[in-house]
Amino acid sequence: MKKIILTCGAALMALQLQAQDTTEITDTTETSQVQDTTETKATKNNYHRYLHNIDVAVGGGLHSVQFDPKQGGDQDPLFGGTVNIHYRIAPFDRVSFATGIDLTTYRAESQYDELNQTQTRIDPENGYNETYNVKFKDWSEVQNSINLEIPIGVYYRIPLKNVWSLVAGGGFKVEVPISKRYKTRNDKTDGYIDRTAYFEETNVDYSDMPQHALFKTSEYKGSAKMKSAGMAVFVDLGATRPLKENRSLYLGAYFSHSIINSNKGNNQLYNANNDNYSGVVSSDLVKKSHLMAAGVKVGLSFGFPKVDSAAIKAAQLAEEEARLARERAIADSIAAEEAEAARLARERFVADSIANAQKLAEEKAAEEVKVQEAVAYINKNIRVNFALGKADIQSNPEVEENIAFIVNYLSKNSERVLVIYGHTCDLGKPEKNVALSKRRAEAMKTVLIERGCNPNNIETVGKGPYEPLVPNTSEANRKKNRRIEIQIETHKVE
């Protein structure tokens, strides 16, 4: 074993000295390459040196005003756009935080093949019922919402091997509606509202009477009801690359979905009494509505203050040259004392190995003696007694001293198993005494676990009245038999 250790040590020392000997040659031949590489990296990483950034982007995609319909109908998202102006601060190399202003349009089209509404009112003059029937046929409406949005997000940059970097980010944004309008796009032939009426006073159905607002129509437009503000979550994923000193290109995709933006309408889509059209999103056909956007965008990022790239390159080259000079000086010093250092190192290695081996053997032998002494002490001396019928540990100085001794032992000998045996006197039924003895052992286990012992190193056994320490001939002897005993085992108890 000593020969093997000595051989390994000598081999490791030889490899180390050989590596040191070749350092000067490697550094000398690669100096120009390192300078070129450093200069290239400085150029590529200029984009990431700006603490403050202004990001401007435009994009477009499917921007929808979505809702949950109560009476069927279809809804299709339409094309919408977004313009972003953000301020981004980058206190870390890869992490940045941004906020700003977005102007985004959301558009969707609602379609109903057929929809019928009935409205009844009492004529205030004569008290007769007037029933209005409204039939929607192939009805189509386009919703157009313009929102001012304030995003708050965090972004993480992943540099690639070339000049490109991946950028992923997300966060929340407050949505403030500026305009929310609707407009129907139908014609009286294919899509229309047909309004008819039945008057109880005359017992006649009326239609095609423009003077009473009973006729077919196809076009309505107006403003829908809006909430004051909402909130949405958004995710951005894209790539960026530097263009010039403080300018970078961004290409990416985005997704957002409102989480607080429900417009609940209470009116009918069309009120025949006053010829009022509410719009689908503001009507009682909608349970709640929300905004969704998904698309792509392109933008530019402007960093400031502007960085003097020439000064950066000069400083980097000077730092690299200083580092190479220090490494050459160290290599020269090591080469001059190579033979003597190798000899002394080998001798020290062998001497230290022998001394360490002897020291470890002595420490292990001494520790084993201490362990055996502790085992003998625990197996012989540690007992705790109990009152008649009780299973709780009564604290006293002797008990606390024994518990502290056991805790200290287990903390240093985690491979050993501590077995707690519970006992009772002969008073009472044997089967109840066995259960009581088990509870006494478990009570001590609980105390040890509370003091930091591993429960996997502790086992409990209930012996009942069958292994008395002394004959149960007196109360004094019975008190001695109402006890727990603790022993150290090297195997699990079956």
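**Exercise 1. Describe how α4 and α5 pack in this predicted model.**

Step 1. The axes of α4 and α5 come within 10 Å and cross at roughly 65 degrees. An angle between axes and a distance between axes are how two packed helices are described.

Step 2. The hand of the crossing is right-handed where α4 passes α5.

Step 3. For the contacts, Ile 403, Ile 406 and Val 407 of α4 meet Met 444, Val 447 and Leu 448 of α5. Met 444, Val 447 and Leu 448 are among the buried residues of α5.

**Exercise 2. Check the length of α5 against its residue count, and state what its buried residues pack against.**

Step 1. α5 has 21 residues, so at 1.5 Å a residue it should span 30 Å. The C-alpha atoms at its ends are 30 Å apart, which agrees.

Step 2. The buried residues of α5 include Asn 433, Leu 436, Ser 437 and Arg 440. Residues three or four places apart in an α-helix point the same way, because there are 3.6 residues a turn.

Step 3. The partners of the buried residues are β15 (383-385), α4 (397-412), β16, β17 and β18. α5 lies across the four strands β15, β16, β17 and β18, and runs at about 155 degrees to β17.

Step 4. Just after α5, Gly 452 has a positive phi of about 110 degrees.

**Exercise 3. Work out the strand order of the sheet under α5, and identify which strands stand at its edges.**

Step 1. Take the pairings in turn. β15 and β18 run antiparallel and are joined by three bridges; Arg 383 has Glu 485 of β18 as its bridge partner.

Step 2. β18 (residues 483-489) also pairs with β16, in the antiparallel sense over six bridges. Here Val 417 is partnered by Glu 489.

Step 3. β16 pairs with β17 (residues 458-464) in the parallel sense over six bridges, and Leu 418 stands opposite Ile 458. The chain gets from β16 to β17 through α5 (residues 430-450), in a right-handed β-α-β crossover.

Step 4. The result is an open sheet of four strands, ordered β15-β18-β16-β17, with mixed pairing. β15 and β17 are the edge strands; each has a single partner, so one side of each lacks a neighbour in the sheet. From one strand to the next the twist averages 20 degrees.

**Exercise 4. Decide whether β16 is enclosed or open, then follow the chain to Thr 424.**

Step 1. Buried means under 20% relative accessible area. Seven of the seven residues of β16 (residues 417-423) are buried, so the strand is largely enclosed by the rest of the structure.

Step 2. In a regular strand the side chains alternate between the two faces of the sheet. In β16, Val 417, Val 419, Tyr 421 and His 423 are buried on one side, and Leu 418, Ile 420 and Gly 422 are buried on the other.

Step 3. Thr 424 sits in the loop between β16 and α5. With a relative accessible area of 2%, Thr 424 is buried.

Step 4. Leaving out residues up to four places away in sequence, Thr 424 touches Asn 433, Leu 436, Ser 437, Arg 440, Gly 464, Pro 465, Asn 481 and Arg 482. Of these contacts, Asn 433, Leu 436, Ser 437 and Arg 440 are buried residues of α5.

**Exercise 5. Trace the pairing of β11 with β10 and β14.**

Step 1. β10 (residues 230-244) and β11 (residues 247-260) run antiparallel, joined by 13 bridges. They form a hairpin with two residues between them.

Step 2. β11 also pairs with β14 (residues 286-304), antiparallel over eleven bridges.

Step 3. His 257 links the two pairings: His 257 is the bridge partner of Val 233 and stands opposite Met 292 in β14.

How values were computed
Residues numbered from 1 in each chain as written. Predicted model: local features only at pLDDT ≥ 70, side-chain atom pairs only at ≥ 80, totals over all residues. Heavy atoms only, no water. Buried < 20%, exposed > 50% of the residue type's maximum accessible area, 1.4 Å probe, protein only. Pairing = 2+ DSSP bridges. Right-handed = clockwise from strand over helix to strand, strands pointing away. Contact = heavy atoms within 4.5 Å. Expected span 1.5 Å × (residues − 1). Axes fitted to C-alpha atoms, helices over the stretch in contact; angles between N-to-C directions. Left-handed = near helix turned anticlockwise from the far one by under 90°.
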